[in-house]
There are 4 protein chains.
Amino acid sequence: MDPFAPTPEDRFTFGLWTVGNPGRDPFGEPVRPVLKPVEIVRKLSECGAWGVNLHDNDLVPFGASAVERDRIVAEFKATLEDCGMVVPMATTNLFSHPIFKDGAFTSNDPRVRAFALQKTIVAIDLGVELGAKTYVFWGGREGTEADACRDPRTAIVRMRDAMNFLCEYVKDQRYDLVFALEAKPNEPRSDMYFPTTGHMLHFISTLARSEMVGVNPEVAHENMAGLSFVHAVAQAMEAGKLFHIDLNAQKIGRYDQDLRFGSEDLKQAFLLVRLLEGTAGGAPYRGPLHFDSHAYRTEDQDGVWEFARGSMRTYKILKARAAEFDANPEVRALIAERRDAKLDPLLSGYTPDKAKALRALNLDASAIAREGLRWERLDQLTIEHLLGVA
Amino acid sequence: MDPFAPTPEDRFTFGLWTVGNPGRDPFGEPVRPVLKPVEIVRKLSECGAWGVNLHDNDLVPFGASAVERDRIVAEFKATLEDCGMVVPMATTNLFSHPIFKDGAFTSNDPRVRAFALQKTIVAIDLGVELGAKTYVFWGGREGTEADACRDPRTAIVRMRDAMNFLCEYVKDQRYDLVFALEAKPNEPRSDMYFPTTGHMLHFISTLARSEMVGVNPEVAHENMAGLSFVHAVAQAMEAGKLFHIDLNAQKIGRYDQDLRFGSEDLKQAFLLVRLLEGTAGGAPYRGPLHFDSHAYRTEDQDGVWEFARGSMRTYKILKARAAEFDANPEVRALIAERRDAKLDPLLSGYTPDKAKALRALNLDASAIAREGLRWERLDQLTIEHLLGVA
Amino acid sequence: MDPFAPTPEDRFTFGLWTVGNPGRDPFGEPVRPVLKPVEIVRKLSECGAWGVNLHDNDLVPFGASAVERDRIVAEFKATLEDCGMVVPMATTNLFSHPIFKDGAFTSNDPRVRAFALQKTIVAIDLGVELGAKTYVFWGGREGTEADACRDPRTAIVRMRDAMNFLCEYVKDQRYDLVFALEAKPNEPRSDMYFPTTGHMLHFISTLARSEMVGVNPEVAHENMAGLSFVHAVAQAMEAGKLFHIDLNAQKIGRYDQDLRFGSEDLKQAFLLVRLLEGTAGGAPYRGPLHFDSHAYRTEDQDGVWEFARGSMRTYKILKARAAEFDANPEVRALIAERRDAKLDPLLSGYTPDKAKALRALNLDASAIAREGLRWERLDQLTIEHLLGVA
Amino acid sequence: MDPFAPTPEDRFTFGLWTVGNPGRDPFGEPVRPVLKPVEIVRKLSECGAWGVNLHDNDLVPFGASAVERDRIVAEFKATLEDCGMVVPMATTNLFSHPIFKDGAFTSNDPRVRAFALQKTIVAIDLGVELGAKTYVFWGGREGTEADACRDPRTAIVRMRDAMNFLCEYVKDQRYDLVFALEAKPNEPRSDMYFPTTGHMLHFISTLARSEMVGVNPEVAHENMAGLSFVHAVAQAMEAGKLFHIDLNAQKIGRYDQDLRFGSEDLKQAFLLVRLLEGTAGGAPYRGPLHFDSHAYRTEDQDGVWEFARGSMRTYKILKARAAEFDANPEVRALIAERRDAKLDPLLSGYTPDKAKALRALNLDASAIAREGLRWERLDQLTIEHLLGVA
């Protein structure tokens with residue numbers, strides 16, 4: 001049996017918009033026909049995925065009648081059941097229609113803000129009907145080019161009003177649903193508000209019902225700004241705020257590439273899987289593993305499914321490599337927690353006596369400084385585990 | 001009288017390490033002699049600065065005896081008084097000595113963490129003695145290259161322990177002092193913990209005495225990652241957390257340049273000054289304006305003071321330009337708040353009735369989308385004000 | 001009379017695809033209706049532009065019949081004449097149709113390479129018919145994501161074969177036409193071949209008829225990689241290879257923004273205009289000044305023309321500022337050429353005697369090193385001229 | 001026997017300044033004692049390196065007397081012989097002394113330019129005496145912050161004069177020596193002249209003796225700008241200009257990191273080794289493989305040698321992986337050259353008949369566009385070979 005084949009226990013998911021991406025880009029037309037959502041569900045199921053996620057308009061076209069909407073949803077639910085697939089996450093498309101050209105919740109136009117709220121309420125209902133437990137907000141166009149157009153503080157206030165409003169809506173409806181906010185530094189706007197997972201985590205701490213709001217970090221988004229995705233995810237995990245995750249790949253300082261997971265920066269991908277899986281001893285992440293990426297534009301439909309299978313396979317290979325790495329005795333010795341019975345108690349839990357004791361310490365800075373830490377060896381072991389020779 | 005000459009009311013400050021920088025870099029030796037701190041104070045005073053900031057070891061050498069320390073401090077205080085200069089901010093050097101080669105508060109070695117705490121307590125005493133009201137923490141080497149060396153969550157816990165400990169120390173000593181944490185994405189480490197102002201703001205929200213801790217954002221640090229510094233500062237201001245600010249200039253995606261304020265990205269500098277000064281109608285920042293930058297290595301000592309004067313002068317020119325911009329009737333009309341008596345009440349403060357009303361709204365998305373926002377005109381006006389032709 | 005109003009002598013041009021851009025992006029639908037080419041010509045003429053540039057399919061739709069093509073071209077030429085507008089540059093669209101999904105001249109498929117050659121020959125005929133003197137090649141999709149797909153040397157050979165072939169075609173037809181090659185580092189491909197103006201200049205030096213091939217550098221493309229656009233243009237000018245130029249603006253390390261000229265990095269824009277106009281004493285550039293940019297997606301059609309007028313206006317303001325800067329006596333003194341009658345002859349034109357003389361020189365390195373160069377002052381003067389206070 | 005142990009046939013070299021780096025950085029003091037050159041030679045030899053490279057002042061201190069110089073050189077040569085080590089490359093330190101604070105060959109000061117020429121002539125003699133066959137020029141500080149300080153074209157002319165002069169010197173001395181020029185985009189200057197390998201290749205094409213001048217590309221330098229190092233090296237190889245290479249690792253958009261080869265961007269490292277070794281069928285590179293990197297600052301001396309061994313080991317693992325990849329039948333099938341007997345002759349070597357034939361072709365663009373290229377599969381195979389599971 002293939003140890004790297006996906007299983008439902010892996011909780012792998014794809015978005016309708018990912019494997020369904022027809023390959024249009026700023027410089028060219030679609031290269032693949034648009035697939036029907038139910039076709040996507042069937043194919044993803046065959047590939048071994050556990051679930052499928054969606055924007056409202058991935059399934060129900062913008063402006064569809066209630067009758068059309070109900071027909072589409074019924075067919076989709078039947079297909080999900082038939083395939084044993086779930087919809088763990090849903091979200092709202094607040095960026096494709098030109099009404100959102102200057103943002104949705106942060107727009108200067110109250111009509112646009114009202115339209116965004118209305119659309120989101122309806123889309124939350126749809127998501128919940130499909131079984132979603134997590135609702136993602138990616139601030140598609142919440143940002144600026146001509147930054148004088150609004151005080152950025154006003155944008156924050158408007159976003160907070162919207163999030164607080166929608167949290168209450170969810171509570172009022174007694175939905176079993178949490179929110180996961182997704183940061184992005186730029187594109188399609190020159191500067192987006194809440195550009196990183198850090199900014200988003202802080203914003204969440206200012207919400208009225210912050211306990212029901214976490215983050216949905218995306219590899220590519222943090223990487224676009226050249227930031228450590230692993231550190232961002234760790235900060236969210238440490239705060240109990242990693243509610244969802246978007247896996248893909250990206251080169252630093254480029255357009256939003258949404259490449260196949262693991263296809264760039266293998267070391268970071270390895271460290272990420274190690275963190276999520278808890279192989280190093282920390283608490284693991286137990287939510288869905290969502291691949292928010294799409295196949296190269298060079299691919300036909302078969303290439304899309306090769307891309308999907310490759311995404312899951314690379315994750316599982318890295319998971320195996322991470323487990324081997326953390327079981328390696330040399331690695332364990334190198335990163336073993338250093339204990340100091342005298343000093344450890346002084347390092348937290350202030351008391352005046354501890355301050356006094358700290359002040360009285362006579363530490364030989366130069367001697368301590370001379371000790372090598374062997375992180376070159378540790379990193380070489382990381383690389384050799386990745387390369388499969390350790 | 002020169003309208004752009006600095007006055008004490010401008011609250012301009014420089015660090016001892018900035019104008020005192022001898023111009024050493026990774027590829028070359030110092031180009032300027034090291035100035036004595038008291039010389040720097042005298043020269044800054046002549047240039048029109050209001051205050052001077054310092055790391056402990058900018059003034060008192062590492063390992064100085066108590067007697068030597070007291071002599072230095074007394075001389076320094078006398079010079080400050082003589083020149084009418086203040087020390088509004090102080091900080092600890094937790095990065096130059098090799099003991100900090102793998103971080104200070106987040107080091108895996110309890111001896112290093114203890115040494116960092118000890119050094120900081122002593123440095124806080126020094127800062128308070130000199131009159132500092134703000135104590136800055138820049139996590140000099142808190143980061144990694146070989147990221148497997150510690151769980152990043154452990155680094156966060158250690159940093160939190162240290163900050164909580166030091167907050168209690170300040171309270172215990174009844175010092176009139178707040179903390180301002182400074183983020184940086186990389187350099188001198190490949191990836192630093194808390195890489196942006198956003199990550200730092202979130203971290204602060206998890207501290208036991210978060211009310212006494214704010215941020216010290218630096219233009220160059222946010223720009224290194226290509227993030228909007230204006231948005232980061234605005235997020236801090238909106239949260240009441242802008243306790244201090246470091247002004248300089250930097251090109252995106254480069255080594256830490258610490259260039260003269262305003263010498264790169266004039267539009268962002270303009271928008272920043274406009275935000276800090278409150279010319280657009282928002283609440284202004286009232287703290288010190290600290291130039292954390294240094295003169296090019298091509299300069300002799302005279303060039304350093306030209307650099308210092310230029311920093312302040314550019315700020316004041318931009319301040320004047322910002323006031324003109326926001327007084328311009330066309331600008332005012334373009335960015336005037338749009339009110340909608342029917343919709344505005346629906347946009348915050350959830351009630352079931354509001355949700356019902358939102359659901360019932362019949363907004364013509366296409367018609368709204370067709371309206372041009374004239375942000376090209378607004379941005380052109382921004383540029384023309386900057387260029388002094390508007 | 002407005003000193004910053006455009007005149008034909010300014011040689012300002014726009015592409016049909018720039019002001020005609022309907023605002024579609026990777027995340028959203030068009031926000032503006034598509035304008036007819038003849039409408040664009042009329043409007044550009046009213047705005048004060050001198051000429052208009054085009055891709056073959058900007059004017060003649062892909063797959064149009066010969067009859068349709070001739071009708072369109074005749075109407076277009078009549079409109080040009082009517083408006084007194086010229087077409088100084090033309091180019092081929094080798095990126096929109098899915099056949100070019102993996103490149104055109106560098107594709108692994110000989111059918112695609114043949115199709116690209118065929119399309120270009122036809123498009124060159126069209127350009128020449130419209131009066132174009134410069135033919136631009138931007139390698140739209142000549143690049144890779146999965147870099148193992150071809151030896152990059154093979155891509156270079158294929159591109160050289162194509163360029164050599166097309167040069168001969170132009171000669172064979174006795175067209176009065178030169179080629180200008182345009183580099184871009186990435187987008188829409190992860191890595192493009194010939195990513196910078198430097199790589200392109202080198203490639204040109206390997207062509208059979210290199211004398212008829214130069215470059216068409218674009219602000220945004222060089223800036224995406226964080227490189228100095230001014231230095232790149234200077235290297236092209238020094239080599240006699242600046243055949244055309246694309247003016248716009250871009251933040252470093254982002255998606256291809258194509259912002260209004262001068263709206264980002266004003267200092268670089270100033271230095272660029274100064275170089276192109278020859279205000280600093282060097283030879284000026286005399287070709288068309290082409291704005292390859294588009295209005296924000298927030299704009300309606302009026303906003304597009306405001307954007308066009310702003311582009312030209314900012315150029316002319318910067319031109320005036322540059323002239324003032326270089327006439328400033330302090331600036332002139334700071335950058336005056338240093339002459340040394342004894343040393344200057346030793347610095348070029350090797351002879352054994354010069355080597356001997358150099359060897360015998362006794363230069364006091366430390367004394368020379370101590371002299372300040374006053375570049376901080378020079379840069380402050382640059383900024384103050386930009387801000388209009390010098 | 002360890003298949004990944006270095007041998008002399010691997011031609012691995014290190015610089016004295018790399019393993020000898022004491023770990024000073026902009027924010028901190030050295031962490032390791034300075035090793036004597038002869039100690040470095042002995043240790044490198046033990047580690048399995050083939051050669052050692054040097055700047056003049058790595059071996060002979062700045063300002064050393066002739067006697068001291070001769071003593072040092074004699075001892076060094078004896079140690080080389082004793083260890084069986086060679087010096088294949090040498091270079092000049094034109095950046096550490098403050099006299100070079102504004103560049104060397106491009107300085108505005110004729111005394112500085114003369115001093116740089118003088119120092120280089122002397123250093124070339126030293127290099128040749130030690131057996132060097134390649135002389136590297138890295139333009140340490142040839143760049144600007146205040147870009148108005150000189151016309152960039154003047155910088156190019158000065159650099160050309162210097163290179164032409166030095167080429168003639170080498171010829172005049174009948175040295176068996178070629179030049180290899182090394183580009184870098186920034187650091188320690190804000191913008192360096194000739195920022196990429198592409199710009200450098202073009203510059204070389206303008207030299208009087210261009211046949212004796214090639215490039216020395218460095219992984220980190222091209223990566224700092226986010227450019228494909230593989231493409232840059234390929235362009236140099238295709239032009240017969242890859243005279244030397246600097247191997248290390250670097251994250252995009254950061255300070256010059258000089259990390260251990262293979263420790264970042266494993267996919268690019270793999271593609272590079274594949275290109276250099278010619279496993280994909282192209283002509284291989286046969287020159288020295290120089291590791292221009294240094295150990296983390298966290299390391300003591302033992303860590304430095306672990307770093308050196310890791311550098312070579314990773315190269316050899318990647319070399320093995322590359323050979324396996326290119327022997328894989330599925331890979332071979334995916335990237336096999338597509339031939340088309342009818343079309344291939346039309347694609348190069350222009351004749352009027354070929355143009356006519358091209359024009360007459362009836363290619364079905366849509367049908368061709370529908371074919372999938374399977375680059376997702378190819379890239380997944382690349383990743384799986386890297387991970388050792390293919």
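**View 1. Ser190(B), a buried residue in a loop of chain B.** In this predicted model, Ser190(B) has a relative accessibility of just 1%, so it counts as buried. Look for it in the loop that runs between β6 (178-182) and β7 (191-192) of chain B. Setting aside neighbours within four places in sequence, Ser190(B) is in contact with Thr144(B), Glu145(B) and Pro185(B), and also with Lys251(D), Arg254(D), Tyr255(D) and Gln257(D).

**View 2. An aromatic pair that joins two chains.** Over all chains, the structure holds 76 aromatic pairs. Here's one of them: the ring centres of Trp138(B) and Phe27(D) sit 5.2 Å apart, and their planes meet at 55 degrees, so this pair is tilted. Trp138(B) belongs to strand β4 (residues 134-138) of chain B, while Phe27(D) is in the loop between α1 (16-19) and α2 (37-47) of chain D. Trp138(B) is buried at 12% relative accessible area, and Phe27(D) is buried at 16%.

**View 3. Phe270(B) and Phe325(B), an edge-to-face pair.** With centres 5.5 Å apart and planes at 80 degrees, these two rings count as edge-to-face. The pair links distant parts of the chain, 55 residues apart: Phe270(B) is in helix α10 (residues 266-277) and Phe325(B) in helix α11 (residues 301-327) of chain B. Both Phe270(B) and Phe325(B) are buried.

**View 4. The largest cavity and its lining.** This cavity has a volume of about 360 Å³. Its lining takes in 32 residues, and nearest the centre lie Ile252(A), Gly253(A), Gly253(B), Gly253(C) and Gly253(D). Sorted by type, the lining has 16 nonpolar, 12 polar and four charged residues.

Note on methods
Residues numbered from 1 in each chain as written. Chains lettered and ligands numbered in written order. Predicted model: local features only at pLDDT ≥ 70, side-chain atom pairs only at ≥ 80, totals over all residues. Heavy atoms only, no water. 1 Å grid on protein atoms, 1.4 Å probe; cavity = no way out; pocket = protein on both sides within 12 Å on 5 of 7 lines; lining within 4 Å. Points joined across faces, edges and corners; volume = space filled by probe spheres on them. Nonpolar A, V, L, I, M, F, W, Y, C, P; charged D, E, K, R; others polar. Helix = DSSP H or I, 4+ residues; strand = E, 2+ residues; numbered from the N terminus. Buried < 20%, exposed > 50% of the residue type's maximum accessible area, 1.4 Å probe, protein only. Contact = heavy atoms within 4.5 Å. Phe/Tyr/Trp six-rings, centres within 6.5 Å; stacked < 30°, edge-to-face > 60°.
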